[in-house]
Amino acid sequence: MTVKREKLATGFGLLWTAQTVSSLGDGVSHAALPLIALTLTRNPMALAVVTAAGTLPWLLFGVLGGALVDRWDRRRTLWMTDALRAVLLAIPAVAAALDVLSIPLLATVAFLLGLGGLFFDTAATAYLPDLLGRDPALLERANSRLRGAQTAASGFAGPPAGSALLALGRAVPLLTDAVSFALSAVLVRSLPAAPRPVPQARESLLRQARAGASYVFRDRLLLGLALRPAVGNIAFIAVETVLALFAHDRLGINTFGFGLLLTAEATGGLLGAGIASFLGRRLGTGTALTCTAAVEGLAILGLAAAPNPYVAGLSLAVCGAGMGATMVLAPSLRQTIVPAHLMGRVTSTSRMLAMCAAPFGAFLGGWLASAYGVRTPIYTAAGLLLTMTAITATMTSNRRVEAALRAAGGAEGADRVTAGGAGAADRPSATGAGVADQAAAAGAIVPDQPEPREPARQGAV
């Protein structure tokens with residue numbers, strides 16, 4: 001029997017186009033900004049300040065930003081954020097044209113762009129389930145297309161374009177990114193309106209932010225989904241810190257070859273995003289997530305032991321495929337099971353954990369390379385990834401995923417998700433109080449319960 005695939009909502013095409021255009025601009029500025037900064041100073045610490053400024057908003061305002069998104073109209077948040085970022089980028093562009101650009105100005109712009117990214121990314125993640133009716137299959141397809149387009153635009157097309165545009169003048173790539181934000185704002189403005197989040201009366205912003213963070217830490221499935229990118233960032237940033245040195249000193253790769261090495265990882269990411277839905281249907285989402293995490297760890301182990309550039313490129317491509325599939329499956333699952341009024345806070349909490357982990361990875365990679373050799377951080381990263389896979393395997397198992405989907409009202413999605421499990425599709429769907437009991441037994445979310453006002457275990461597992 002042929003299963004009819006439901007079409008994505010018409011508005012998704014607008015959102016996909018807007019994010020693709022914006023990602024292309026991001027790729028342009030991602031390549032151009034460091035090069036622009038390099039024309040102003042050769043001080044490594046000054047260059048590091050510009051790079052770090054873009055991540056600070058997630059560290060300082062991540063959870064509070066999610067709480068604000070849960071209060072605001074999400075479509076309006078999306079288009080206004082992009083419009084403001086377009087105006088913001090015009091400032092350094094004009095400064096570059098007038099030859100008054102400076103490192104403090106670039107760092108300030110990077111910080112404000114990062115703040116805008118915080119609100120846009122959180123609101124987009126929260127808006128998508130409203131647009132697609134929280135359907136698990138549709139969310140996986142949508143996230144696969146979004147992830148693929150983002151990788152192609154920001155990973156392949158954007159950086160070469162940024163380098164080429166910089167040759168025309170320092171203002172040109174900045175203005176290009178500004179135009180991309182403006183076009184994205186126009187497209188997002190025409191999206192269909194989504195239901196406004198249910199207001200939480202008489203609760204302070206801080207209390208709402210704490211409730212959102214507690215919601216993640218007290219649910220084992222959501223915590224497992226958050227731990228993987230957090231630990232993964234420590235591992236991957238440790239590798240990234242020494243990758244150029246490793247490629248040059250151990251593999252004999254020149255500058256052009258290093259670019260090809262990174263392209264191999266991006267190519268794998270496109271493949272992984274494309275097959276994510278197939279893996280979810282074949283293995284079940286929980287098992288698929290465990291397998292992709294294991295693939296990442298084994299691929300980094302292969303990179304650490306790589307005797308030549310070809311094995312290294314293959315290892316990075318396989319790692320990219322695992323990461324691409326994970327970044328489709330995990331957000332789709334989170335968007336399906338988290339109640340709408342908590343989506344912004346849950347998303348920003350998970351993202352903040354990942355962003356906070358990145359500096360530890362950079363420090364770990366640099367220290368291990370200095371003390372024990374350039375391969376040591378890569379072996380350590382592989383060990384971290386495989387250990388994380390083993391620890392979180394039961395936290396994100398098919399059984400927990402099925403229980404969470406049933407509790408969230410996704411009985412049909414639960415049957416699909418556990419297609420790889422033993423007889424899951426043959427079990428009748430639970431109803432009424434049975435849903436809450438089943439979900440609670442597995443440590444999943446029961447979305448009909450009121451939002452906690454005084455979390456009993458803030459930050460507990």
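Leaving out neighbours within four places in sequence, Leu261 is in contact with Leu243, Ala247, Ile253, Pro309, Ala312, Gly313 and Leu316. Leu261 also ranks among the residues with the most contacts inside the largest nonpolar core. The model is predicted. It has 17 helices and zero strands. Of its 461 residues, 50% count as buried.

**Overall contacts**
- Take the contacts in the protein with a separation of 6 or more: residues 24 or more positions apart account for 85% of them.

**The largest nonpolar core**
- This core has 26 residues.
- Those with the most contacts inside it are Phe246, Leu261, Ile300, Leu303 and Ile378.
- Four elements give two or more residues each: α9 (220–249), α11 (285–304), α12 (309–337) and α14 (376–392).
- Helix α9 gives the most, with seven residues.
- In soluble globular proteins, nonpolar side chains tend to be buried together.

**The α4 and α5 pair**
- Two packed helices are described by the angle between their axes and the distance between the axes.
- For α4 and α5 the angle is about 160°, and the axes lie 9 Å apart.
- An angle over 145 degrees counts as roughly antiparallel, so α4 and α5 are roughly antiparallel to each other.
- The crossing of α4 past α5 is left-handed.

**Thr81 and Phe120 across the pair**
- Thr81 sits in helix α4, which spans residues 74–97.
- Phe120 sits in helix α5, which spans residues 103–132.
- The two residues are 39 apart in sequence, yet their C-alpha atoms are 6.3 Å apart in space.
- Thr81 has a relative accessible area of 11%; that is under 20%, so Thr81 is buried.
- Phe120 is also buried, because its relative accessibility of 4% falls under the 20% limit.
- Beyond four places in sequence, Thr81 is in contact with Gly116, Phe119 and Phe120.
- With the same neighbours set aside, Phe120 touches Gln19, Leu78, Thr81, Asp82, Arg85 and Ser184.
- Thr81 therefore appears in the contact list of Phe120, and Phe120 in that of Thr81.

**Positive phi in two loops**
- Asp99 is not a glycine, but its phi is positive, at about 65°.
- Asp99 lies in the loop between α4 and α5.
- Its relative accessible area is 58%, over the 50% limit, so Asp99 is exposed.
- Arg134 is another residue other than glycine with a positive phi, near 60°.
- Arg134 lies in the loop between α5 and α6 (136–166).
- At 24% relative accessibility, Arg134 falls between the 20% and 50% limits, so Arg134 counts as partly exposed.

**Cysteines**
- A disulfide is a covalent bond between the sulfur atoms of two cysteines.
- With a cut-off of 2.5 Å between cysteine sulfur atoms, the model has zero disulfides.
- Cys319 has 1% relative accessibility, so Cys319 counts as buried.
- Cys356 has a relative accessible area of 30%, so Cys356 is partly exposed.

Terms used: Residues are numbered from 1 along each chain as its sequence is written. This is a predicted model: local features need pLDDT of at least 70, side-chain atom pairs count only at pLDDT 80 or more; totals for chains, interfaces and linings use all residues. Side-chain values use heavy atoms; hydrogens and water are left out. Buried means under 20% relative accessible area, exposed over 50%, partly exposed in between (1.4 Å probe, protein chains only). A nonpolar core is a set of buried Ala, Val, Leu, Ile, Met, Phe, Trp, Tyr and Cys residues joined through side-chain atoms within 4.5 Å. Contact means heavy atoms within 4.5 Å. Axes are lines fitted to C-alpha atoms, for helices over the stretch in contact, and angles run from 0 to 180 degrees between N-to-C directions. Angles under 35 degrees count as roughly parallel, over 145 as roughly antiparallel, 65 to 115 as roughly perpendicular and the rest as oblique. A crossing is left-handed if the near helix is turned anticlockwise from the far one by less than a right angle, and right-handed if clockwise.
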